[in-house]
Amino acid sequence: MAIDEVSVNLGDTTPRRLLVDWANGQDAWVRQLTAETILSRQAPTESLLNAVYTTFRGEKGLGEASLDVPKLELAVVESAEEETLELVSLAGVEGVNALAADQQLDFDSELTVLFGQNGSGKTGYARILKRISAVRTAEDILPNAHILHLDLPPSPSAQIAYRLSGTESSVQWKNEAGLVPFTRISVFDASAVLLHVDSDLGYVYTPAELALFAHVAAGIQGIQHHISTEVAALAPGSNPLLSKFARETKVYPLIETLGATTELAELDALASVPDTADKDRERLESEIAALRSNSLEALVSNAQETQRHLTRLHRALLLAQGFDEEAYEIARKGLDAEEKRRVEAREQLFTSDELPGPADGNWQDFIVAGDAYRQHLGREHYPNAGDTCLYCMQELGPLALHLLTRYRTFLDETLVQQVTDTRTALDRTRLILDETELTRALEFATEQRDREVPPAWASTAVEVLAAARSVAQDTADANAVSFAGLPGKAKVSGDEVSQALVVATGTAQQLVEDKANAASTLTTKQKELAELTARIELKRNLAAAREYVRRAKRAQQLEKLSRVISNGAAKQLTVQSKLASEDLVNKNFETLFAEECARLRAPHVALRFQGRSGQAQRKKVVATYKPSSVLSEGEQKVLALADFLAESRMRGTKAPLVFDDPVTSLDYRRLDEVAARIQNLAEAHQVIVLTHNIMFASALISVRQNKKLRTKIYEVRDGGETKGILAPDVEPRLDSPADLAKRINMKLQEIPGAEAVVQDALIKETYDLIRAWCESFVEQELLQNVTQRYRKNIMMTRLSKIDSSRLDAAIAVIEPLFDRACERMTGHSHAAEYLSIKPTLTELQEDWEKAKAARTVYIAA
């Protein structure tokens, strides 16, 4: 830690103390979870969650006796050393803007500076670092926009080597946003300025102490997940017992609603059956079988059929009994008398010569039809003298007129009416029987008569029905009846049949009642059997039913406990976490922010803290305005830097800090202050700076060199079609020609004994050093440090020490040597024609000898 780094004291109330005090007010399983989390300082493992869940189940009476977990006591211990993250190298870059794929960026453990002009490729490297760290201002990475891709462009990727607490590892980055462990990296760039100045910012990290709250909360959620898993395992799905019981039984509703609310006592009561239950069931099954096979249905049908036949037969006999033979004979004789009178009237009116044929019924019908036609024509007084015939329309002669007048006399209404009335009276006395009904009645009576043991009434009934048929036909023809005494015989037979009908009706009614009673008995027996069978089945499955209820009750209990956890321990933990984060973290940040503002001479702003959704947030204002509305760009930049650095210091871990052009818009005085602050940070963190400002790079190098500290410097160059060509640079006051010469000689000693492939690489690295040697020789010896790279001032007092007489000779050697070194060094992308031409060891040795000779000649005087 740098000398002026101040550790902020949170006082006696620490997040850990809040967590312990909270845990001591909770169940044993919560204390166990909290204690183990504090000791491990990490999220609970699955094995720990299993152990804590066992304690939870035992404590809630759901398992074996729980572990005795005493109250927690917070021991005063030193915090464990946090892991230190360092970037080692970035190589094999593909698909990132136009960055060259053959470059390797090696990072210094303290300070690495990438200097280059706009468009040289620095931003590509910065985008990779922002992408892997998942900072707030990370950007999507695009491929080379100046190349036509026939297929999909390659996905961004790179090989990243890193060191975590001394252990070196590497990972292949494939465009992931937020790649562990690089999410610890903090990045500051131009787009972060307004974010750190105006926005309501939460904290991008969780301090180690506060992380304990998140770990314990994750553990509680893990226990609830265990609960959910057990509840799901306890749930049987569909009820496997329901199909075993009939729906109409008393057992069915209980099994249908089997669950956590089921009373086991009710189950036991229904499952309690006598020892004779199986025998009782067999008896009921036998009785039901007997009831189902009963012939009552057929008996009822036969009895009702007999009743219907007797009713029909009785009805026919009643009609025969009601026939009045005397009235019929009187009416028949009266009709004969009236018919005779009419015949006599016809004979008196007409002679046989006057009629076209015999005066029979046809003739009479003809006369009646003619008169009906007259009435139809409305000829009331027809015939009269001068009338015509109604049919042939010829005038009536005297004879015809006289004949028609006699026709009308013959058809006098009095005679006609008398015949009609007499016929009507006859019709009323006739015996009228329905032939169909009579036939069916006669068939039934005949069938009964022909039985082996016929009923007493059958023979008489057959005779009476046959006589009735004959009489009915006689009366229909208006003849004298051929069977005398029908009513009397019909009465005798009717009385006999009536008695039989009464018996048949009673039998049918009794059978119907018996049938109904049998159906009711069958229903009762069937219900009794169903209930007994269900109870026997319940007894057989009682253990399964009790287990089903037990699991349901346990699942319900677990769900209730999970809700208690959510509303109790989890909610209280959230309150404690919010208290720790909003109070302790904000106080810590406020102190650090004030320190950074003082170091950077940032303008004064009011720092306000506010909580949203349980998260601590900070906001800056100038009076009541946003800082960006009042402050200059330079003031906003240092204010944003102060906010960024304060937040970075709160991490409590050592991880890289990346600054991408941090001094844009700053004046030179603040530029030096920022450089000094970054150098100070580099003593405790790995710092990476990307800048195009030569004065800022110079200030960084200068402040490091004043403390005799080295800086890894890369010049990032534009290679034309590709960008991001990395040229390792030298530090003027630390890389002297003599020092570089020693390093070159060491390389020359290594090359002869190396393998061919390794030799090629070593030769390129040696040319890197020769190039640096040329620059150092020119700056420090040819030009006598009058002007140096990364230095603000020109030392005019050293101008007279330059020996101009030897410059041309030295330049003649150094300039072409420098060009060759540039062509052969590792930091350059080479044209295709140079790729197949590899410098040899002999050429390297010759070039180095020329360089040494030129220096020797120049400094000889």
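The following exchange covers strand pairing and one helix contact in a predicted model.

Trainee: In which sense do β4 and β5 run, and which residue in β5 stands opposite Q159?

Mentor: Seven bridges join β4 (residues 157–164) to β5 (residues 167–173), and the two strands run antiparallel. The residue in β5 that stands opposite Q159 is Q172.

Trainee: Which residue in the turn between β4 and β5 has a positive phi?

Mentor: β4 and β5 form a hairpin with two residues between them. The phi in question is about 50°, and the residue is S165.

Trainee: Which strand pairs with β12 in the antiparallel sense, and what is the bridge partner of E715 there?

Mentor: β12 (residues 712–717) is joined to β3 (residues 111–115) by four bridges, but these two strands run parallel. In that pairing L114 has Y714 as its bridge partner. The antiparallel pairing of β12, over four bridges, is with β13 (residues 725–728). In β13, the partner of E715 is A727.

Trainee: Are α20 and α21 parallel, antiparallel, perpendicular or oblique to each other?

Mentor: α20 (residues 668–682) and α21 (residues 694–705) pack with their axes 9 Å apart, at an angle of about 50°. Angles under 35 degrees count as roughly parallel and 65 to 115 as roughly perpendicular. The helices are therefore oblique.

Trainee: What is the hand of the crossing of α20 and α21, and how many residues of the contact are nonpolar?

Mentor: The crossing is right-handed. The contact includes L671, V674 and I678 of α20 and F696, L700 and V703 of α21. Among the residues of the contact, one is polar, two are charged, and the nonpolar ones number twelve.

Key. Residues numbered from 1 in each chain as written. Predicted model: local features only at pLDDT ≥ 70, side-chain atom pairs only at ≥ 80, totals over all residues. Heavy atoms only, no water. Pairing = 2+ DSSP bridges. Axes fitted to C-alpha atoms, helices over the stretch in contact; angles between N-to-C directions. Parallel < 35°, antiparallel > 145°, perpendicular 65-115°, else oblique. Left-handed = near helix turned anticlockwise from the far one by under 90°. Contact = heavy atoms within 4.5 Å. Nonpolar A, V, L, I, M, F, W, Y, C, P; charged D, E, K, R; others polar.
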